[in-house]
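Me: Please take me through one part slowly, the shell around the ligand, and tell me how it ties in with the rest.

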Amino acid sequence: MTKPQAEYQDTPNGIYSCGLCTLFVAPDGCKVVDGAISKDGWCKAFAAVD
Ligand code: SF4
């Protein structure tokens, strides 16, 4: 999906950020959001590591 669809932001949401998300693909990708993202960003599809 696109960043707007995911409501992606370049900043963390509290303690949650892309670097902690199971969908993050190092160094700057995401399995579900198109384009380059930041490990310090966040979106509504965030999925935490158990
Ligand atoms: S799903 Fe969202 S929070 Fe998780 S890595 Fe992708 S853009 Fe970041």
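Reply: Let's start with the whole chain: residues 24 or more positions apart make up 59% of its contacts with a separation of 6 or more (a contact means C-beta atoms, placed from the backbone, within 7 Å). Bear in mind that this is a predicted model, where local features need pLDDT of at least 70, side-chain atom pairs count only at pLDDT 80 or more, and totals for chains, interfaces and linings use all residues. Numbering runs from 1 along each chain as its sequence is written.

Now the ligand. It has 15 residues around it, with Cys18, Cys21, Phe24, Cys30 and Cys43 the closest (near means a C-beta atom, placed from the backbone, within 6 Å). That shell splits into 14 nonpolar residues, 1 polar and no charged; here Ala, Val, Leu, Ile, Met, Phe, Trp, Tyr, Cys and Pro are nonpolar, Asp, Glu, Lys and Arg charged, and the others, Gly among them, polar.

Those five names come up again in the largest nonpolar core, 9 residues made up of Tyr8, Cys18, Cys21, Phe24, Cys30, Val33, Ile37, Trp42 and Cys43. Such a core is a set of buried Ala, Val, Leu, Ile, Met, Phe, Trp, Tyr and Cys residues joined through C-beta atoms within 7 Å, and buried means 20 or more other C-beta atoms within 10 Å, against 12 or fewer for exposed and partly exposed in between. Across the chain, 20% of the 50 residues are buried.

Within that core, Ile37 touches Tyr8, Cys18, Asp28, Gly29 and Cys30, leaving out residues up to four places away in sequence.

Key:
Contact = placed C-beta atoms within 7 Å.
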